[in-house]
Structure formats: C-alpha cells, structure tokens
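Colleague: Could you pick one part of this model and take me through it closely, together with what surrounds it? I'd enjoy a connected account, one step at a time.

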Amino acid sequence: VQLQASGGGLVQPGGSLRLSCAASGGIFSVNTMAWYRQASGKQRELVAVITSGGSTTYTDSVKGRFSISRDNAKKTVYLQMDSLKPEDTAVYSCNSKIRRHPWSNEDDYWGQGTLVTVSS
C-alpha cells in the first residue's frame with residue numbers, strides 16, 4: 001500500500017493551495033483519512049480528519065479556511081487551503097487507516113510529506 005501526496009508549493013499570504021493524497025495497492029477498505037503538518041522546530045499536529053462517512057474535524061487554527069474532502073472511488077483525500085497565512089508553513093503529510101483484507105485489522109499508512117510555504 002502506498003499513499004502519494006501532491007500539491008504543495010510556495011504561495012503568497014491570502015492565497016490558496018489544494019493538496020491531494022491517493023492510496024494505492026492491495027486495499028480492501030479505507031477508513032479515516034487525515035492531514036497532519038509539522039512546522040520547523042515544532043511537533044506534528046493534526047490538521048483535519050474525515051471519516052469514511054464524510055464527517056470532518058479540524059484543528060481550531062484552520063477552521064473556516066481549510067476544507068478536507070475525499071473521493072472514495074479514487075481512494076483519495078484532498079485538503080483545500082484558502083486564506084493561507086505564514087504560520088501555515090509546514091510539511092503536510094497524509095495518513096489513512098486502511099484494511100488490506102476483509103479479515104485483517106486496520107493499519108496506519110503515511111504518505112510522503114509535501115512542503116507548503118506561505119511567504120511574500
């Protein structure tokens with residue numbers, strides 16, 4: 001199983017970016033999908049979570065600016081980031097809880113990080 005993240009880059013304050021993360025490989029089901037971020041010198045934090053049913057949760061600092069969504073057919077999670085601020089600068093990583101077989105437990109899988117830099 002692999003998670004492939006994309007969409008990071010350099011953006012000016014107030015701008016927007018959309019991150020994507022696609023799961024591939026031998027997958028029976030994908031449950032919760034999430035985005036984390038880690039700024040330089042800081043601990044990793046949970047940014048947003050979306051369940052298989054579509055329920056979402058956000059950390060307070062991004063509420064009203066970020067939106068997490070998913071395409072279950074494509075096994076892909078998205079993070080739409082609007083009104084970006086310099087403090088959003090971080091490496092963003094996707095995480096998914098995936099069941100590889102009907103009889104197996106869920107395991108955590110991580111995508112490679114993608115750097116988001118918000119600067120003028």
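Modeller: Happy to! Two strands count as paired if DSSP finds at least two bridges between them. Please keep in mind that this is a predicted model.

I'd like to start from strand E11, residues 114-118. With that rule, strand E2 (residues 9-11) is a partner: three bridges join E2 to E11, and the two run parallel. One position to find on your screen is Val11, whose bridge partner in E11 is Val118. E11 also pairs with E9, again over three bridges, but here in the antiparallel sense. In that pairing, Val91 has Leu115 of E11 as its bridge partner. In general, strands of a sheet pair through backbone hydrogen bonds, and they may do so in parallel or antiparallel fashion.

Now look at the two faces of E11. Thr114, Val116 and Val118 make up the covered face, while Leu115 and Thr117 lie on the uncovered one. In a regular strand the side chains alternate between the two faces of the sheet. So Val118, the partner of Val11, belongs to the covered face, and Leu115, the partner of Val91, to the uncovered one.

From E9 you can go two ways along the chain. Going forward, strand E9 covers residues 90-99, and the loop between it and strand E10 (106-110) contains Ser104. A polar atom of the Ser104 side chain lies 2.9 Å from the backbone nitrogen of His101. Ser104 has a relative accessibility of 17%, and because the cut-off is under 20%, it counts as buried.

Going backward, the loop between strand E8 (76-81) and E9 holds Asp88. Is Asp88 buried or exposed? It is buried, as its relative accessible area is 0%. The side chain of Asp88 meets that of Arg37 in a salt bridge, 3.0 Å from N to O. This pair links distant parts of the chain, since Arg37 sits in strand E4 (residues 29-38), 51 residues apart from Asp88. Arg37 is buried too, at 6% relative accessibility.

Asp88 has a further salt bridge, with Arg65, at 2.7 Å from N to O. Again the pair joins distant parts of the chain: Arg65 is in the loop between strand E6 (56-58) and E7, 23 residues apart from Asp88. With a relative accessible area of 11%, Arg65 counts as buried. Add Glu45, and you have the network of salt bridges that links Arg37, Glu45, Arg65 and Asp88.

For contrast, take the salt bridge between Asp60 and Lys63, where the closest N and O atoms are 2.9 Å apart. Asp60 is exposed, because its relative accessibility of 61% is over the 50% cut-off. In total, the structure holds five salt bridges.

The loops of Asp88 and Arg65 also lead us to another sheet to look at. E7 and E8 belong to an open sheet of four strands, in the order E1-E3-E8-E7, with antiparallel pairing. Its edge strands are E1 (2-6) and E7 (66-71), each of which pairs on one side only. Neighbouring strands there are turned by 15° against each other on average, ignoring direction. At the E1 end, five bridges join E1 to the antiparallel strand E3 (residues 17-24), and Gln4 stands opposite Ala22 in E3.

Technical notes: Residues numbered from 1 in each chain as written. Predicted model: local features only at pLDDT ≥ 70, side-chain atom pairs only at ≥ 80, totals over all residues. Heavy atoms only, no water. Axes fitted to C-alpha atoms, helices over the stretch in contact; angles between N-to-C directions. Buried < 20%, exposed > 50% of the residue type's maximum accessible area, 1.4 Å probe, protein only. Polar contact = N/O pair within 3.5 Å; in protein donor to acceptor, adjacent residues only side chain to side chain. Salt bridge = Lys/Arg side-chain N within 4 Å of Asp/Glu carboxyl O.
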